[in-house]
Amino acid sequence: MANTNFSTLFHNLTSKRPNKRFSSNLYFITFSIFLCSLFYLLGLWQHSTGTPTTTISAAGYTVSTTTNSICSQPTKTNSSTPSTPPASSSKLNFEAHHFVPDPPPTAARVPHIPPCSATFSEYTPCEDAKRSLKFPRNKLIYRERHCPAPQEILRCRIPAPHGYKSPPRWPASRDWTWYANVPHKELTVEKKNQNWVHFEGDRFRFPGGGTMFPRGASAYIDDIGTLINLRDGSIRTAIDTGCGVASWGAYLLSRDILAVSFAPRDTHEAQVQFALERGVPALIGVIASIRLPYPSRSFDMAHCSRCLIPWGQYDGVYLTEVDRVLRPGGYWILSGPPINYQRHWKGWERSRESLREEQDGIENVAKSLCWKKLVQKEDLAIWQKPTNHVHCKLQQKVFKNRPFCEAQDPDTAWYTKLDTCLTPLPEVNDIREVGGGELANWPERLTSIPPRISSGSLNGITAEVFKENTELWKKRVTYYKTLDSQLAEHGRYRNLLDMNSYLGGFAAALVDDPVWVMNVVPVEAEINTLGVIYERGLIGTYQNWCEAMSTYPRTYDFIHGDSVFSLYQNRCNMEDILLEMDRILRPQGSVILRDDVDVLVKVKSIADAMQWDARITDHEEGPYQREKVLVAVKEYWTAPPPDQIQQSKS
């Protein structure tokens, strides 16, 4: 009943009758003031009595406060004595009473991977001179790859020598480089009369000479060009065994021929290191007891200029390996002993008989491989491999001097033992066909469908996949150049490495830049695609990234890796792979890695510890992709001056 009366009264007070408008507004205002006053008085009454609360400060003091007034003051007393009210003159204390202890100094720092001793500035882990002495010297087995055990792996950063400078840009680097970068004068003395390398002031000069080309490498290549066609694009890839300082490969580049040069570590001090410093593709290597790290049918041309390999010995095993990596119809070029021995035998300090015997041995091995000797003119001899093995199989049935290999993958070449059997070419239906498929001439070869793909020999890789991959990497490399100004700068980089190349799309997208790319197909890759890369007219090698690469420190200006660390998860230590990358990367060189974001976060933490300037950025398709891109630059730092090293030892 009371509620009804109140509602009626409120309705009457607020009703808007035309003849009582002023009275109604006055009643409403009066009623509102009454309600506000009532609630205000109730609030004062509720807070008129309070309950004190007590807290303990981090400094060990008790702080008492009373909740009944915002002007009440905290009472600060020792926690061991009863709390007493403060004096009326006490002031408010606004200092912090709770403290978090400072973290230890190491917790605030990024972990730091220390530098190695300056004595390791040219360290090549799998070709270490001391370790090699434990292995047999026959057939040069001790000069092969012999990598350190896991407990022997260095976990420090390899320093550049004191005074190291960025090499001159290509093509100037072909002709000279800084002495401080490769401080070895042995070759300037040993090969003084052969014009390999000269020392002048603060630099080395490379006149382009060689043991068998006194007029220079360019003139020597011109002589070869009079015997076989080097200009029509049919010859694109080449291999140089026992390369010296790789002048042959250096001067082929102007003819659009890409050569892989190799020589063993320390036969002549730093010869492969000189080649790489010049900006010429090269690897440390030797033909001894295991296959060269290339697939079958890789090279259009192989070359040996006084490389001192005993081609005719051991049942021709070394020349048989050259046959494996030569393309059908490819050429083998030999100059130096024993070619033209009738003229040079006195200078070579050997008898005519021994040189004749050596040449006969080479000729016999070449015949057993079904090679045809095209020409011998003065100091040059050239043989050609057949385009298929139709006639060769008939010949072997008659003479039975070299059996064909059976049940063996010709493309497997990682610690695979050499064999004296002949690697068979793929079958053909006609005598005029090329075993394994005919290649287009360069530069059409780069984008033509490689025969290994068109034949269907690579599971799941079709012509359409190849075309899409080529276009994809054009887009990705364009994006990379927006992330790395050094990669975008024409001529800033020369030596590039792709750690997981797949079909070679990254290298193909850079073909118009003044760079060369060493394409690596990891031996753990699901599909062996290195043969496709060579069929495109590019170069590369096999590699297990749980081990060190067969190259010197500071080999590459730029390193690229697509999903490398995902591939090697649970296979080996991520830190070891990154330290190997640091070893072979030049100071101020760049790295671009693409991988899952969780993987790259771990990579970045190690990159920071190596003092790389690293950042993770978005995928080229945008921020919603799990795959991200890490861009890093290695800082410039070198070993201390030699006098400081001596002082620290003393």
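A residue counts as buried under 20% relative accessible area, as exposed over 50%, and as partly exposed in between, with a 1.4 Å probe and protein chains only. By that criterion, 49% of the 650 residues of the chain are buried. The model is predicted, so that local features need pLDDT of at least 70 and side-chain atom pairs count only at pLDDT 80 or more, while totals for chains, interfaces and linings use all residues. Residues are numbered from 1 along each chain as its sequence is written, and side-chain values use heavy atoms, with hydrogens and water left out.

**The whole chain**

Begin with the entire chain in a cartoon view, which contains 21 helices and 20 strands. Helices (H or I, at least four residues) and strands (E, at least two) are DSSP runs, numbered from the N terminus. Switch to a surface: the chain exposes about 32,400 Å², of which carbon and sulfur atoms supply 54%. Accessible areas come from the Shrake-Rupley method with a 1.4 Å probe, and for residues only the protein chains shown count as cover. Contact means heavy atoms within 4.5 Å; among contacts between residues at least 6 apart in sequence, 66% join residues at least 24 apart.

**The nonpolar cores**

Next, select Met301, Trp311, Trp332, Leu497, Phe565 and Met581, which touch the most other members of the largest nonpolar core, a set of 128 residues. Such a core consists of buried Ala, Val, Leu, Ile, Met, Phe, Trp, Tyr and Cys residues joined through side-chain atoms within 4.5 Å. Apart from this core lies another, of nine residues, including Leu187, Val197, Phe206 and Ala270. Centre the view on Trp311: beyond residues up to four places away in sequence, its contacts include Thr241, Ile287, Tyr318, Trp332 and Val365.

**Strand S7 and its partners**

Thr241 leads to strand S7, residues 237–241. All five of its residues are buried: Thr237, Ile239 and Thr241 on one side, Ala238 and Asp240 on the other. In general, side chains of a regular strand alternate between the two faces of the sheet.

Now add strand S8 (residues 258–263), which runs parallel to S7 and is joined to it by five bridges; two strands pair if DSSP finds at least two bridges between them. Asp240 has Ser261 of S8 as its bridge partner. With helix H7 (residues 247–252) shown as well, S7, H7 and S8 make a right-handed β-α-β unit; right-handed means that, with the strands pointing away from the viewer, the path from the first strand over the helix to the second runs clockwise. Strand S10 (residues 299–305) also pairs with S7 in the parallel sense, over three bridges; there, Met301 is the bridge partner of Ala238.

**The seven-stranded sheet**

Select the open sheet of mixed pairing, ordered S16-S15-S14-S17-S18-S20-S19. Its edge strands, S16 (539–543) and S19 (612–617), each pair on one side only. S19 and S20 (residues 627–634) are antiparallel and share six bridges, with Val633 of S20 as the bridge partner of Asp613. Helix H19 (residues 574–584) packs on the sheet, touching S14, S17, S18, S19 and S20, and its direction makes about 145 degrees with that of S18. Axes are lines fitted to C-alpha atoms, for helices over the stretch in contact, and angles run from 0 to 180 degrees between N-to-C directions.

**A last stop at Gln376**

Finally, select Gln376 in strand S12 (residues 372–377). Is Gln376 buried or exposed? Gln376 is partly exposed, because its relative accessible area is 34%. Outside four places in sequence, Gln376 is in contact with Ile339, Asn340, Gln359 and Ala381. The C-alpha atoms of Gln376 and Asn340 are 8.6 Å apart, with their positions 36 residues apart along the chain.
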